[in-house]
Amino acid sequence: MKAEVVVCGAGIAGISAAYHLAVRHGIKKVVLVDERPPLTLTSDKSTECYRNMWPGPGNAMVSLMNRSINIREEIARESGNLFHLNRRGYLYATARPDRIPHFRRAAEEAAGLGAGPLRCHAGKSTDPGYVPAPAEGFENLPVGIDLILDQKMIWNLFPYLSGKTVALIHARRCGWFSVQQLGMYLLEKAREHGVRFLSARVEGVEVKGGRVRAVAARNDSGGFVISTPAFVNAAGPFFKEVGRMVGVDLPVFSELHVKMSFKDHLGLLPRNAPLLIWTDPVSLPWSEEERALLSESEETRRFLEEMPSGVHTRPEGGPASDVVIGLWAYHAVPVEPAFPISFDNRYPEMVLRGLAIMIPGLQAYLDRLPKAVVDGGYYTKTRENRPLIGRLPVKGAYVMGGLSGFGVMAACGAGELLAAHLTGSKLPNYAPAFAMERYEDPEYQKALETFGDSGQL
Ligand SMILES: Cc1cc2nc3c(=O)[nH]c(=O)nc-3n(C[C@H](O)[C@H](O)[C@H](O)COP(=O)(O)OP(=O)(O)OC[C@H]3O[C@@H](n4cnc5c(N)ncnc54)[C@H](O)[C@@H]3O)c2cc1C
């Protein structure tokens with residue numbers, strides 16, 4: 001078998017790469033190889049959210065996300081918004097007055113990096129207007145950031161948030177969409193343009209004379225070889241492992257991130273809510289009896305200590321749904337990806353308790369916990385939480401990984417960037433920030449020491 005390009009991995013990254021190569025660059029023989037059905041390992045476990053608010057240094061992350069959003073919006077228009085793209089925004093909240101200057105700096109930084117204008121609402125008559133986000137659709141809505149410091153306004157707009165909330169950042173070019181529906185649409189288009197999906201495991205890459213010659217794969221019928229001059233590693237959590245097949249040690253590691261969902265049968269989270277993020281560390285309130293129980297074991301004692309910031313939630317599904325998603329990465333440490341994943345059975349309760357700090361109404365569920373569905377996957381990431389997209393020192397070998405907790409939002413732009421590298425097309429300004437070569441630059445290595453907030457949720 002012969003191919004112009006072999007892409008390993010049919011998650012949202014590999015599918016987007018195949019789409020851009022075949023549909024937008026007219027490459028005829030792209031073969032997409034995955035040992036699992038498309039989109040079933042990590043890409044269907046995500047919260048499906050997107051944002052263009054990212055910290056620096058530099059504007060590369062904001063630019064990649066803006067480009068990705070542009071492409072996704074184009075595809076939404078072309079498909080009649082098949083994948084329900086919305087623009088409800090991300091709402092970051094704090095109850096700590098001492099964190100208001102940090103909120104202001106983060107909003108100013110994002111605005112300065114290209115996320116859009118900053119509008120400050122502090123209860124003054126000269127304040128700009130605030131346009132509420134509709135539940136559906138994405139057209140003709142404000143971009144940029146609304147920084148809301150006026151407590152009356154906070155209460156009027158978001159009465160379900162803790163009464164202690166003192167500041168909100170409502171980042172506006174943000175929202176969510178159905179990854180499954182976008183992914184299948186891109187795959188369908190790619191197939192119409194000649195992309196072939198092969199259900200097989202990539203076992204090796206033949207490199208001779210410093211360049212890719214062939215890919216060895218295996219399925220139920222046995223092993224076979226695809227001769228090809230180009231190989232794209234889009235293997236998600238197996239990015240490092242597949243990197244070794246071309247003899248390159250990719251600088252990534254993985255963290256387990258878990259998500260839970262439950263039926264909000266009491267209707268405590270409004271169905272039109274944006275993505276809500278509590279940015280303060282949290283000390284969970286426990287009764288004396290609970291404290292005594294939790295302090296009995298090493299494993300549970302940590303729930304008595306201050307827990308990290310970042311518990312977040314959003315409503316999931318159409319108007320008839322009552323499902324709510326909740327996440328809290330309170331124990332994200334480097335681990336070796338392993339499947340099937342086993343989850344801590346205390347996770348749903350801890351997430352609900354954390355969310356109840358931000359949305360006190362949810363306390364109603366703490367006495368009798370609702371049934372929760374738990375799933376998750378791995379954030380495979382570089383130390384600075386920026387992706388690896390581009391070519392490797394081995395001729396014909398390309399990478400599209402390290403997509404961490406932003407792979408579905410970045411996929412459209414990342415696929416375009418990968419295809420530009422592979423076809424030798426003009427590269428955008430942000431390309432060097434994501435290329436493997438960045439680590440060869442001593443200035444970059446030095447700068448890495450001072451990278452601050454990585455923007456991870
Ligand atoms: C709980 C959670 C919440 C998240 N929330 C968001 C969010 O709100 N927004 C966002 O943008 N991102 C989010 N993410 C991150 C996002 O899901 C990932 O970055 C993205 O799905 C990665 O896509 P991928 O295609 O690289 O990997 P995957 O979807 O894992 O696909 C990789 C594919 O490669 C295949 N593969 C690997 N090795 C081989 C081999 N040797 N042979 C054949 N096939 C192989 C696998 O079978 C798999 O299908 C979240 C992730 C998690 C876990």
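How many nonpolar, polar and charged residues are in the lining of the second largest cavity? Here are my notes, starting there.

1. **The second largest cavity.** The lining has 4 nonpolar, 3 polar and 3 charged residues. Keep in mind that you're looking at a predicted model. If you want to find the spot, pick out Trp 54, Pro 55, Gly 56 and Met 61, then Glu 384, Asn 385 and Arg 386, and finally Phe 451, Asp 453 and Ser 454, which line this cavity. The space inside comes to about 40 Å³. The structure has 2 cavities of 30 Å³ or more.

2. **The largest pocket.** Now move on to the pockets. The largest pocket has a volume of about 690 Å³. It is lined by 29 residues, and Tyr 92, His 102, Asp 453, Gly 455 and Gln 456 are the closest to its centre. You may recognise Asp 453, since that residue also lines the second largest cavity. Look at helix H3 (residues 100-115) too: with 6 residues, this helix provides the largest share of the pocket's lining. By class, the lining divides into 14 nonpolar, 10 polar and 5 charged residues.

3. **The second largest pocket.** This pocket has a volume of about 410 Å³. There are 23 residues in its lining, and those nearest the centre are Leu 256, His 257, Val 258, His 331 and Asp 344. Two strands to highlight are E14 (253-263) and E19 (372-381), as each supplies at least two lining residues. Strand E14 gives the most, with 3 residues. Sorting the lining by class gives you 16 nonpolar, 4 polar and 3 charged residues.

4. **A sheet of 3 strands.** In what order do the strands of this open sheet come? The order is E10-E11-E12, and the pairing is antiparallel. Strand E10 (201-208) and strand E12 (222-227) are the edge strands, each pairing on one side only. From one strand to the next, the twist averages 25°. Zoom in on E10 and strand E11 (residues 211-219), and you'll find an antiparallel pair joined by 7 bridges. For a landmark, try Val 202, which stands opposite Ala 217 in E11.

5. **Ser 162.** Is Ser 162 buried or exposed? Its relative accessibility is 8%, so Ser 162 counts as buried, the cut-off for that being under 20%. This serine sits in a loop, the one between helix H4 (151-157) and strand E7 (167-171). Which residues does it touch, beyond its neighbours within four places in sequence? Ser 162 is in contact with Trp 278, Ile 357, Met 358 and Pro 360.

6. **Trp 286.** Here's another loop residue to click on: Trp 286 lies between strand E15 (275-278) and helix H7 (288-294). Trp 286 is buried because its relative accessible area is 11%, and the buried class takes in anything under 20%. Setting aside neighbours within four places in sequence, Trp 286 is in contact with Arg 291, Leu 294, Phe 303, Leu 304, Glu 349, Met 350 and Arg 353. Take Arg 353 from that list and compare sequence with space: Trp 286 and Arg 353 are 67 residues apart along the chain, while their C-alpha atoms are 9.8 Å apart.

Methods:
Residues numbered from 1 in each chain as written. Predicted model: local features only at pLDDT ≥ 70, side-chain atom pairs only at ≥ 80, totals over all residues. Heavy atoms only, no water. 1 Å grid on protein atoms, 1.4 Å probe; cavity = no way out; pocket = protein on both sides within 12 Å on 5 of 7 lines; lining within 4 Å. Points joined across faces, edges and corners; volume = space filled by probe spheres on them. Nonpolar A, V, L, I, M, F, W, Y, C, P; charged D, E, K, R; others polar. Pairing = 2+ DSSP bridges. Helix = DSSP H or I, 4+ residues; strand = E, 2+ residues; numbered from the N terminus. Axes fitted to C-alpha atoms, helices over the stretch in contact; angles between N-to-C directions. Buried < 20%, exposed > 50% of the residue type's maximum accessible area, 1.4 Å probe, protein only. Contact = heavy atoms within 4.5 Å.
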